[in-house]
Every structure is written in structure tokens, then in C-alpha cells.
Amino acid sequence: MKLLALHSSPISTSPSLSNGISRRASMEKSAFFSGQALAVPASSKRCTDARKSSASVDFRVRAVGSVGSSQKASNVNELEKITKDKDLVFVAGATGRVGSRTVRELLKLGFRVRAGVRSAQRAETLVKSVQQMKLDDSSGSTPVEKLEIVQCDLENQSGIKPAIGNASIVICCIGASEKEIFDVTGPYRIDYKATENLINAATVAKVDHFILLTSLGTNKIGFPAAILNLFWGVLIWKRKAEEALIASGLPYTIVRPGGMERPTDAFKETHNITLAYEDTLFGGLVSNLQVAELMACMAKNRRLSYCKVVEVIAETTAPLTPMEELLAKIPSKRELPAEPLPDPVPTKIHSKPEEVTQLEASKPRPLSPYTMYDDLKPPTSPTPTPSTTPSSSHEQFTSPTQKPLSPYIAYQDLKPPTSPTPKPLSPFTMYEDMKPPTSPMPSLPKN
């Protein structure tokens with residue numbers, strides 16, 4: 001088992017390691033997964049790789065060599081005790097067209113990434129592209145400091161779980177190379193067996209979510225997607241990998257994109273993505289960048305992408321819709337689990353007096369003192385009792401549920417006071433014969 005982790009953080013150069021990769025290889029075989037750093041000189045002028053590098057990249061190297069069975073067992077036990085990091089994602093196939101873009105999109109969202117690669121030399125382009133990223137990070141760390149390059153061969157089952165480490169999410173972007181068109185076993189080895197090995201290792205590591213990238217037409221024959229099966233049955237082997245993931249019991253998301261060969265990153269400026277149910281689409285185009293953004297969004301919104309099979313293409317007529325809304329419309333294959341309750345705040349046995357005072361002050365106080373005692377009740381106003389011999393004047397209030405509105409019905413002889421009769425305003429009303437004087441009538445003049 002070999003695991004080569006390359007941390008892209010700058011460290012001091014070491015003149016003893018400037019003799020090339022061949023000398024470092026002998027040191028790596030004797031090194032163990034102890035976290036010791038081997039410095040690679042940034043000013044190295046020669047490279048023993050067949051391909052010449054235009055610029056050198058600083059790496060901090062950790063290596064895992066061959067170990068005994070007892071050491072392997074202790075290593076596995078230590079890995080199982082490691083708690084999962086919610087912000088750490090393992091990306092398989094990180095140097096590919098989709099994988100490299102997925103790494104950068106994850107870094108933009110604040111994740112830390114363990115990039116799984118078959119060759120550490122091929123990761124140089126990925127690290128350079130991450131170094132050129134400029135993000136506003138409140139923590140002050142650069143994107144390259146959140147990237148860890150892990151050399152891992154997915155066809156070797158024993159080395160996959162240490163490569164995953166304590167990552168909580170696994171994203172698989174591997175696939176048989178189109179350059180090796182004459183390799184008959186390529187789709188079987190890479191698209192199925194290597195993916196199955198990664199799924200098994202993720203199951204043992206008990207990751208929280210697994211995102212698998214496949215293709216349109218894996219489960220249902222339809223044209224033009226079915227033409228891809230001419231490449232040694234690649235869709236059949238991708239479907240086998242999907243079935244292995246579904247049967248694993250892990251929370252998963254399967255992404256089936258359309259054709260990604262021709263669209264460039266500028267494709268998203270004129271085409272908006274649209275999501276569909278499984279076995280719905282059999283043709284269409286989408287860019288590698290759009291698929292990478294979608295998978296990064298799934299990693300950020302695990303509940304929205306829980307156990308879903310998503311088919312994605314991009315169209316000019318599709319409206320510009322947030323990916324979260326598109327994911328919410330796709331039904332889940334399993335019942336969504338309840339959200340975990342927040343961890344209870346541990347109580348301190350030996351608390352300081354001032355801490356206890358602050359804790360009591362933060363608690364809301366009851367508005368009534370009667371809540372402190374179970375048997376103590378607030379006083380109630382007494383209700384007047386009616387007389388035992390009801391009269392006709394208050395028979396209408398004999399119902400026990402209806403209380404009288406006036407207190408006078410409780411006493412039979414008690415009557416409410418009456419208003420006095422108003423006095424007349426004129427004195428002439430006291431005497432019948434007395435009339436008010438009348439004005440004399442004017443007499444007509446005599447002729």
C-alpha cells in the first residue's frame with residue numbers, strides 16, 4: 001500500500017533532496033504515515049520525469065511505504081477512531097476535466113479538499129490553477145492551503161481507505177480515458193471495478209455522502225446516448241457502478257450529465273442547466289464547469305441531494321434558476337432522515353460563582369410567583385350566591401352557568417333607587433285657575 005500526500009503549502013527547501021525523484025523514491029519506501037514532511041526544493045532546475053515542467057511547484061510530502069500486518073491493523077484501528085470532518089471532501093479523479101473543476105468549486109465554497117490522483121506529477125497543473133485562485137477568505141488562508149494531493153490507485157483496494165481519511169464526502173469523477181480507445185478492459189476496470197472499490201472503502205469508512213458521476217442512458221436504452229456503448233459497453237459498466245452504490249446503503253447522489261466533450265466553460269453564459277428525473281433524457285450538452293458547480297452545490301446541500309438520481313443538460317431556453325431550487329424538485333429514493341438534534345450543553349460541576357450568576361441571569365424568569373409552588377393558587381373573587389326562594393323577578397337567572405348582572409336580585413325587598421320627578425319650570429302649573437297674562441289684542445280704529 002502506498003499513499004503519497006502532497007500538501008501545497010510552501011516550506012523551506014532541502015539541498016539533500018535536490019538530486020531528483022529517483023532519490024526521493026527510495027526515501028518514500030522507508031517512510032511511514034507519521035506525518036513527517038519531506039521538502040521538495042522549489043528552485044530545482046531538473047526534473048527526472050519524461051515530461052519537462054515549465055515551472056516548479058512547492059510540495060510537502062508524506063508517504064506510506066510497505067508495513068507489516070500488525071502495523072496495518074493498528075493503522076486501521078487508528079483510522080476508524082478519527083471523527084469525520086464535515087468540511088473535508090475526497091475527490092477521485094481530481095486531475096480530470098470535471099474533477100479539477102470540481103476541486104476549485106469546492107474550494108470556492110469553503111471546503112477543504114483531498115484530491116486523489118494516480119500520479120503526483122499530473123497534479124502539478126491542478127496545484128498551479130489553485131494557486132492562481134483569488135478568494136476573499138475571512139480566516140486569512142489561501143485556497144492552496146486547503147488542498148491536499150493524495151496519490152492513490154483505485155484498482156488497489158488496500159490503499160483507498162487511508163486516502164479517504166476523515167473526509168465526510170466522497171466525489172467520484174473517474175472514467176476510462178478516451179485516449180485509450182483500444183483498451184477493451186478500460187470501462188470494466190475503471191468505470192466499474194475501480195468505482196466499486198472506492199464505494200466499498202467509503203462504506204467501511206462510513207462517509208456521510210457519496211456523489212457519483214456517470215452518464216445519460218445508463219439504465220434505459222435511448223439514442224443518441226446508447227451509441228456510447230460502442231466504447232466497449234461503457235454505459236453497462238457505469239450502470240453496474242450505480243447499482244453497487246445504491247446497494248451499499250450510503251447516502252448517495254448519482255449525476256448523469258449529457259455530452260461534455262464540445263462545450264467550453266463559456267457555455268454557461270448562453271445555456272442554463274436543467275435537471276430531470278432518471279431515465280428521462282438521452283441527449284443534450286452541458287459543460288464540465290456546469291457539472292462541477294452542480295456537484296459542489298450537492299456537497300453543500302446534502303439534504304437536498306439525499307439519495308437522488310439527477311440527469312443534467314443545458315439549454316438556451318431554460319430559465320436561470322438556482323441549483324437549490326432545481327434539486328428540490330427531484331424526488332428522493334429514500335425517506336429523508338430527521339435532522340439531528342443539537343448536542344446538549346455540558347454542565348460544569350465545579351462552576352465559579354460568577355459563572356453561576358451569569359447563567360441564572362440568562363434564564364427567563366416567570367412573571368408570577370405562584371409558579372414556584374404547585375399547591376399555591378392565586379385568590380379568586382367570591383361569587384354572590386342567590387337566595388334560596390327565587391321570585392318571579394329573577395327566575396330567569398336560575399341557570400348555574402349564567403350569573404346575574406345586578407346585585408339587587410339577591411335580596412327580594414331591595415329595589416334600586418328611582419330618579420326624582422323633575423320640578424316644573426313655570427309657577428303657573430301650581431294653580432289651575434291661574435293663567436299667564438296675555439298680551440292685549442290691538443283694536444281696530446273706528447271710522
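What percentage of the 447 residues of the protein count as buried? In this predicted model, the figure is 38%. The secondary structure comes to 10 helices and 11 strands. Contacts between residues at least 6 apart in sequence were also examined. Of these, 76% join residues at least 24 apart.

The buried nonpolar residues were then grouped into cores. The largest nonpolar core has 44 residues. Val91, Leu106, Ile171, Val255 and Met295 have the most contacts inside this core. Helix 8 gives the most to the core, with 7 residues. Another core lies apart from it and has 36 residues. Cys152, Ala163, Ile190 and Ala241 are among the residues of that other core.

Val91 was followed in more detail. Neighbours within four places in sequence were left aside. Val91 is then in contact with Gly99, Val103 and Leu106. Its partners also include Val113, Arg114, Ala115 and Gly116. Ile171 and Cys173 complete the list. Two of these partners, Leu106 and Ile171, are themselves named with Val91 among the residues with the most contacts inside the largest core.

Helix 8 also packs against helix 3. Helix 3 spans residues 97-108, and helix 8 spans residues 288-300. Their axes come within 8 Å and cross at roughly 45 degrees. Helix 3 is therefore oblique to helix 8. The crossing is right-handed. From helix 3, the contact involves Arg97, Val98, Arg101, Thr102, Glu105 and Leu106. These meet Asn288, Leu289, Val291, Ala292, Glu293, Met295, Ala296 and Ala299 in helix 8. By class, the contact has 8 nonpolar, 2 polar and 4 charged residues. Leu106 and Met295 take part in this contact, and both are listed among the residues with the most contacts inside the largest core.

A second helix pair was found in helices 6 and 7. Helix 6 covers residues 186-205, and helix 7 covers residues 234-248. Their axes come within 8 Å and cross at roughly 10 degrees. An angle under 35 degrees counts as roughly parallel, so helix 6 is roughly parallel to helix 7. On the helix 6 side, the contact is made by Pro187, Tyr188, Asp191, Tyr192, Thr195, Glu196, Ile199 and Thr203. They meet Val234, Trp237, Lys238, Lys240, Ala241, Ala244, Leu245 and Ser248 in helix 7. These residues divide into 9 nonpolar, 3 polar and 4 charged. Ala241 of helix 7 belongs to this contact and also to the core of 36 residues.

Note on methods: Residues numbered from 1 in each chain as written. Predicted model: local features only at pLDDT ≥ 70, side-chain atom pairs only at ≥ 80, totals over all residues. Heavy atoms only, no water. Axes fitted to C-alpha atoms, helices over the stretch in contact; angles between N-to-C directions. Helix = DSSP H or I, 4+ residues; strand = E, 2+ residues; numbered from the N terminus. Parallel < 35°, antiparallel > 145°, perpendicular 65-115°, else oblique. Left-handed = near helix turned anticlockwise from the far one by under 90°. Contact = heavy atoms within 4.5 Å. Nonpolar A, V, L, I, M, F, W, Y, C, P; charged D, E, K, R; others polar. Core = buried A, V, L, I, M, F, W, Y, C linked by side-chain atoms within 4.5 Å. Buried < 20%, exposed > 50% of the residue type's maximum accessible area, 1.4 Å probe, protein only.
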